[in-house]
Amino acid sequence: MRWPWDLSRGARTGLPLAIPITGEQTPRISPDSVWKTTQPRTAVGNPSLWQTPEMLVEIETAWSASGYLLVCFSAGYFIHDTVDIVVSKQTRASWEYLVHHVMAMGAFFSGIFWKRFVGGGVLTLLVEVSNIFLTLRMMMKINNAQDLLLYKVNKYINLVMYFLFRLAPQAYLTKFFLQYAGQRTLGTFLLAILLMLDLMIIIYFSRLLRSDFCPERAPRRQQKDKFLTE
């Protein structure tokens, strides 16, 4: 059994490309649901953008070995986590993760098999910086520590990090991929995925704001098995 504060797999609070961190009452943790609190992520500190800064501009064609390996690892994680959710019979409770994973795998496979848009994949993984603080937030909610000064400070840090490493990169990528609108190319396929993820990011950001700054407006869910703590 893994304890909720075990960081050996990280926290499934904000997956790359913006999976939900929502804002409701902290659920009871049972042995069967503890697995949902963790996930392996090692993208933070990835040197790809520093080694190959042209990835910030040449999103389609720029390539580096470290960036390619990072995209491969991330795709492997999504495959593993999808199987984990299905095998653990958490499909209904974690359907949002499954939708996200399918879209993320479709995007990362373009970099793996066609070696195109590797830069875009690396940019999306900047989300891991924001995940550090979302993970901290989730662990404090699990342990009913919302009254701590650290929690109150962290919720403001979350806003800054969410903007810098989620909203800003996503907006930059969306602007780039809009040039493929109306074409029948791989870029058009990735644009469609990106627009759906944009919608998810906005929804989850609104949930985060509602939970931490307007808790009286946060709905109370009755589904005990769902572990999307808001």
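The exercises below work through a predicted model of one protein chain, each with a stepwise solution.

**Exercise 1. Describe the overall make-up of the chain: how many helices and strands are there, and what share of the residues counts as buried?**

Solution. Begin with the secondary structure, where the chain has 7 helices and 0 strands, so that the pattern along the sequence is α-α-α-α-α-α-α by definition of the runs. Next consider burial: of the 230 residues, 54% count as buried. Then turn to the contacts with a separation of 6 or more, of which 80% are accounted for by residues 24 or more positions apart. Finally, the chain exposes about 11,400 Å², and carbon and sulfur atoms supply 65% of that area.

**Exercise 2. Identify the residues with the most contacts inside the largest nonpolar core, and state which helix gives the most to this core.**

Solution. The largest nonpolar core has 27 residues, and Ile59, Phe108, Phe117 and Phe177 are those with the most contacts inside it. At least two residues of this core come from each of helix H2 (65–87), helix H3 (95–113), H4, helix H6 (149–177) and helix H7 (186–213), and H2 gives the most, with 6 residues. Another core, of 10 residues, lies apart from this one and includes Met103, Tyr162, Tyr204 and Leu208. To see the packing around one of the residues named above, take Phe108, which, when residues up to four places away in sequence are not counted, touches Val71, Ser74, Ala75, Phe78, Gly121, Thr124 and Leu125.

**Exercise 3. Decide whether H5 is mostly covered or mostly open, and check its length against the expected span.**

Solution. For the length, the 16 residues of H5 should span 22 Å at 1.5 Å a residue, and the end C-alpha atoms are 22 Å apart, which agrees. For the burial, 12 of the 16 residues are buried, and H5 is therefore mostly covered under the cut-off of 20% relative accessible area. Among the buried residues are Val127, Leu134, Arg137 and Ile142, and the buried residues of H5 pack against H4, H6 and H7. Just after H5, Asn144 takes a positive phi of about 55°.

Just before this helix, Leu126 is placed in the loop between helix H4 (118–124) and helix H5 (127–142). Leu126 touches Leu49, Phe165 and Pro169, residues up to four places away in sequence being left out; with Phe165, the C-alpha to C-alpha distance is 5.6 Å although 39 residues separate the two in sequence.

**Exercise 4. Locate the salt bridges, and state for each pair which elements hold the two residues.**

Solution. The count comes to 3 salt bridges, which can be taken in turn.

1. The side chains of Glu60 and Arg116 meet at 2.5 Å, N to O. Glu60 is in the loop between helix H1 (48–51) and H2, whereas Arg116 is in the loop between H3 and H4, 56 residues apart. Arg116 is partly exposed, because its relative accessible area is 28%.
2. The side chains of Glu96 and Arg207 meet at 3.5 Å, N to O. This pair links helix H3, which holds Glu96, to helix H7, which holds Arg207, across 111 residues. Glu96 is buried at a relative accessible area of 6%, and Arg207 counts as buried at 13% relative accessibility.
3. Asp212 and Arg137 form a salt bridge whose closest N and O atoms are 3.0 Å apart. Asp212 lies in helix H7 and Arg137 in helix H5, so the pair ties together parts that are 75 residues apart in sequence. Asp212 counts as buried at 8% relative accessibility, and Arg137 counts as buried at 1%.

**Exercise 5. Lys89 and Phe117 each have a positive phi; is each of them buried or exposed?**

Solution. As background, most residues other than glycine have a negative phi. Lys89, in the loop between H2 and H3, has a positive phi of about 60° although it is not a glycine. At 74% relative accessibility, Lys89 counts as exposed. Phe117, in the loop between H3 and H4, also has a positive phi of about 60°. Phe117, however, is buried, with a relative accessible area of 4%.

**Exercise 6. Name the residues that make the nonpolar surface patch of about 270 Å².**

Solution. The patch is made by Leu56, Val57 and Tyr172. Of these, Tyr172 is placed in helix H6 and counts as partly exposed, because its relative accessibility is 40%.

Methods. Residues are numbered from 1 along each chain as its sequence is written. This is a predicted model: local features need pLDDT of at least 70, side-chain atom pairs count only at pLDDT 80 or more; totals for chains, interfaces and linings use all residues. Side-chain values use heavy atoms; hydrogens and water are left out. Helices (H or I, at least four residues) and strands (E, at least two) are DSSP runs, numbered from the N terminus. Contact means heavy atoms within 4.5 Å. A nonpolar core is a set of buried Ala, Val, Leu, Ile, Met, Phe, Trp, Tyr and Cys residues joined through side-chain atoms within 4.5 Å. Buried means under 20% relative accessible area, exposed over 50%, partly exposed in between (1.4 Å probe, protein chains only). The expected span of a helix is 1.5 Å times one less than its number of residues. Accessible areas come from the Shrake-Rupley method with a 1.4 Å probe; for residues, only the protein chains shown count as cover. Patches are made of residues with over 30% relative accessible area and no salt bridge: like charges are joined within 9 Å, nonpolar side chains (Val, Leu, Ile, Met, Phe, Trp, Tyr) within 5 Å. A salt bridge is a side-chain nitrogen of Lys or Arg within 4 Å of a carboxyl oxygen of Asp or Glu.
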